[in-house]
Amino acid sequence: MVHLFSPFTIKDITLRNRIGVAPMCQYSAEDGTPNDWHMVHLGSRAVGGAGLIIAEASAVVPEGRISPEDLGMYKDEHVQAFKRINQFIKEQGSVPGIQLAHAGRKASTYAPWKQPDLGVNVPDEDGGWNIVGPSALGFSEAFRTPKELTVGEIKEIQEAFRQATIRSLDAGFEWMEFHAAHGYLAHSFYSPLSNTRTDEYGGSFENRIRFVIETVRIMRKEWPENLPFTIRISSTDWQEGGWTIEDSIELSKRLKNEGVDLVDCSSGGNTPNPSIDVGPGYQVEFAERIRREAGVATAAVGLITEGMQADDHVRNGRADIILLAREMLRDPYWPLRAAQATHQTDHLTIPPQYERGW
Ligand SMILES: Cc1cc2nc3c(=O)[nH]c(=O)nc-3n(C[C@H](O)[C@H](O)[C@H](O)COP(=O)(O)O)c2cc1C
């Protein structure tokens, strides 16, 4: 039976187990360039035994950063810096993944610990910038109002995704994740709550998903066929009149036809106060339904903290892989502990330097 420590193969890439580190912004870069912090953050979780390490949301243009300290993939200089980290991750037996992103109407915000009392948005005088979105609808009162993108500007952003995809390959990444969740640009196009356009990018379901489908098509062409191409979506807006799980299932079917190998099933993020029924594994049902009803591999994420819990989801076919975020911050060695908890210690390679500790 397939379990948490069974290898997982997509195309030419095999993860040593079904455990991945979810992308997590570190707000620690200068002009998008990864540094020693990112090496230690990502590298230590590779040492800790995860099969997959997905680097945080990395912007395809500077204006697409969530905060001024986000990682980027918009300059050739970024490639060299990522290369060193990815080399280390691979040496530890993990697969390095990247999450390419554009923050859209949620860009230009402060890193959580730098936020002054005045609000979330970074003003121009503090290094902020004007933001863009499908429509001129601000995320909330605290945010700037985005400029509605012209079709020409949409194409420019898609070109930036293309170039960032090529750079990601040069940097040695082996797993691509297109960030289309959490209210950032791609999600804000497909959700009716943030897209009131009347051209071919707004209105009907078909039009609202156009940005995502086109961008995937452009990126997939540059990303080698033999490497996993994945996408993170918000499976529901948790909001009346918003995007639904049924929409996500339909979108996932289309994405599969575009060569998407796995859908990472998150939720929310497009409205300030959604009504979310938060609890253990609260998003797993989305991964399960999309996997079953769209026939595509999925990742489950969100409040999965125990080895037995993660193992149960994999064994019962609710998801192909399990991603963890906050629990990995608390314990980079979570996979080792999960192997003990699930009686699978034979499946783990503990670095020889650490063997005496286990
Ligand atoms: C510090 C931090 C940074 C995050 N940054 C990102 C990000 O860059 N991209 C993304 O898609 N999700 C991001 N998330 C969301 C996580 O990937 C994950 O989906 C969420 O935290 C739920 O999983 P958990 O309950 O295991 O923490 C972040 C979460 C945290 C805690």
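**Exercise 1. How do the residues of the lining of the second largest pocket divide into nonpolar, polar and charged?**

Start with the ground rules. This is a predicted model: local features need pLDDT of at least 70, side-chain atom pairs count only at pLDDT 80 or more, and totals for chains, interfaces and linings use all residues. Residues are numbered from 1 along each chain as its sequence is written, and side-chain values use heavy atoms, with hydrogens and water left out.

Step 1. Define the space. On a 1 Å grid over the protein atoms alone, a pocket is an open set of points with protein on both sides within 12 Å along at least five of seven lines; a cavity is a set where a 1.4 Å probe fits but cannot get out; lining residues have an atom within 4 Å of a point.

Step 2. List the lining. It includes Val61, His102, Asn130, Leu149 and Glu153. Helix H3 (residues 151-170, a DSSP run of at least four residues) gives the largest share, 4 residues.

Step 3. Sort by class. Ala, Val, Leu, Ile, Met, Phe, Trp, Tyr, Cys and Pro count as nonpolar, Asp, Glu, Lys and Arg as charged, and the others, Gly among them, as polar. The result is 5 nonpolar, 2 polar and 3 charged. The volume is about 180 Å³, taken as the space filled by probe spheres set on the points.

**Exercise 2. Which pocket is the space taken by the ligand, and which residues are closest to the ligand?**

Step 1. Place the ligand. Its space is the largest pocket. The test is that more than half of its atoms lie within 2 Å of the grid points.

Step 2. Size the pocket. Its volume is about 1000 Å³. Of its 36 lining residues, the closest to the centre are His182, Tyr184, Arg232, Ser266 and Arg326. Helix H10 (326-330) gives the most, with 4 residues.

Step 3. Read the shell. 16 residues surround the ligand, and the closest are Pro23, Cys25, Gln99, Leu303 and Arg326. Here the cut-off is a heavy atom within 4 Å. By class, the shell has 9 nonpolar, 4 polar and 3 charged residues.

Step 4. Check the backbone. A backbone N or O atom lies 2.9 Å from a ligand oxygen atom at Pro23, 3.1 Å at Ala57 and 2.9 Å at Ala325. Taken alone the ligand exposes 600 Å² (Shrake-Rupley, 1.4 Å probe), and the protein buries 82% of that.

**Exercise 3. How many cavities of 30 Å³ or more does the structure hold?**

Step 1. Count. There is 1. The largest cavity has about 40 Å³ of space.

Step 2. Find the lining. Strand E4 (residues 52-59) gives the most, with 3 residues. Ala57, Ser58 and Tyr184 are among the lining residues.

Key. A polar contact is a pair of N or O atoms within 3.5 Å; within protein, one must be able to donate a hydrogen and the other to accept it, and residues adjacent in sequence count only if both atoms are side-chain atoms. Helices (H or I, at least four residues) and strands (E, at least two) are DSSP runs, numbered from the N terminus.
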